[in-house]
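Here's a quick tour of a protein model for anyone just starting out with structures. Take a look at the picture, then use the notes below as your guide.

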Amino acid sequence: MRSGARAPQFAATVANLGEKPFRAKQLWHWIYYRGETDFDKMTTLAKSFRERLALAQERLKNAREILDLLETQRRVGTLSDLELAQQRSALASQEAAVPALRLGAQQSLNQLAILIGRPPEGFDIKGATLRD
């Protein structure tokens with residue numbers, strides 16, 4: 001990963017998912033260098049990790065929908081400001097985790113390029129089976 005203010009937070013978020021540091025680098029690459037947002041297409045990531053990422057993304061979507069419903073309830077007077085603020089806080093926490101999940105793959109690809117003596121710029125790998 002390129003150094004920057006978000007890189008440590010991103011790596012920490014991936015570590016909180018129980019993944020090794022290199023997974024953050026792989027994820028960074030997929031999102032920020034390949035522009036891929038479909039976790040199923042990130043074939044260099046372990047399937048279990050891709051499933052956890054997809055689940056986190058689904059939870060975020062659900063939290064947004066719940067917030068929309070609660071805002072409607074608040075407008076008609078059936079929900080307190082505190083309950084609405086609690087959901088906003090929960091959503092903000094989940095939203096803060098998503099960019100960090102998306103930041104981590106590029107550095108591992110860069111390191112791989114350097115290890116094999118190629119420049120990182122434009123370096124890419126294709127997922128394949130052992131039979132290929």
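What you're looking at is a predicted model, and its protein has 5 helices and 0 strands. Walk along the sequence and the pattern reads α-α-α-α-α. The protein counts 132 residues, and 33% of them are buried.

**How sure is the predictor?**

- Averaged over the protein, the pLDDT comes to 76, and 74% of the residues reach 70 or more.
- Confidence varies from helix to helix: α3 has the highest mean pLDDT of the elements, at 85, while α5 (residues 106-115) has the lowest, at 64.

**The overall picture**

- About 8,400 Å² of the protein is exposed, and 53% of that comes from carbon and sulfur atoms.
- Take the contacts between residues at least 6 apart in sequence: 59% of them join residues at least 24 apart.

**The largest nonpolar core**

- The largest nonpolar core has 12 residues: Phe10, Val14, Ala24, Leu27, Trp28, Trp30, Ile31, Phe39, Met42, Leu45, Phe49 and Leu53.
- Three elements each give two or more residues to this core, namely α1 (6-16), α2 (21-33) and α3 (47-75).
- Helix α2 is the top contributor to this core, with 5 residues.
- There's also a second, separate core of 7 residues, with Leu60, Leu67, Leu84 and Leu91 among them.

**Two members of the largest core, close up**

- Val14 is found in helix α1. Is Val14 buried or exposed? Its relative accessibility is 1%, so Val14 counts as buried.
- Between the C-alpha atoms of Val14 and Ala24 there's a gap of 5.7 Å, although these two residues are 10 apart along the chain.
- Which residues does Met42 contact, once neighbours within four places in sequence are left aside? The list is Leu27, Trp30, Ile31, Glu36, Thr37 and Arg50.

**Rings and a charge**

- How many aromatic pairs turn up in a search of the whole structure? The search finds 0.
- One ring does have a charge over it: the charged end of Arg34 sits over the ring of Trp30, 3.8 Å from the ring's centre.

**Along helix α3**

- Arg52 is found in helix α3. With 28% relative accessibility, Arg52 is partly exposed, because that value lies between the cut-offs of 20% and 50%.
- Skip the neighbours within four places in sequence, and Arg52 is in contact with Leu17 and Glu19.
- Arg52 and Leu17 are 35 residues apart in sequence, yet their C-alpha atoms are 8.0 Å apart in space.
- Glu65 is found in helix α3 too. Its relative accessible area is 39%, so Glu65 also counts as partly exposed.
- From Glu65 to Leu91 is 26 residues along the chain, and their C-alpha atoms are separated by 9.9 Å.

**A buried residue in helix α4**

- Where is Gln87? You'll find Gln87 in helix α4, which covers residues 81-102.
- Why does Gln87 count as buried? Its relative accessible area is 14%, and buried means under 20%, so Gln87 fits the label.
- Not counting residues up to four places away in sequence, Gln87 touches Ala63, Ile66, Leu67 and Leu70.
- One of those partners, Leu67, may ring a bell: Leu67 belongs to the second core.

Notes:
Residues numbered from 1 in each chain as written. Predicted model: local features only at pLDDT ≥ 70, side-chain atom pairs only at ≥ 80, totals over all residues. Heavy atoms only, no water. Helix = DSSP H or I, 4+ residues; strand = E, 2+ residues; numbered from the N terminus. Buried < 20%, exposed > 50% of the residue type's maximum accessible area, 1.4 Å probe, protein only. Contact = heavy atoms within 4.5 Å. Areas by Shrake-Rupley, 256 points an atom, 1.4 Å probe, with all protein chains shown as cover. Core = buried A, V, L, I, M, F, W, Y, C linked by side-chain atoms within 4.5 Å. pLDDT = per-residue confidence, 0-100. Phe/Tyr/Trp six-rings, centres within 6.5 Å; stacked < 30°, edge-to-face > 60°. Lys NZ or Arg CZ within 6 Å of the ring centre and 35° of its normal.
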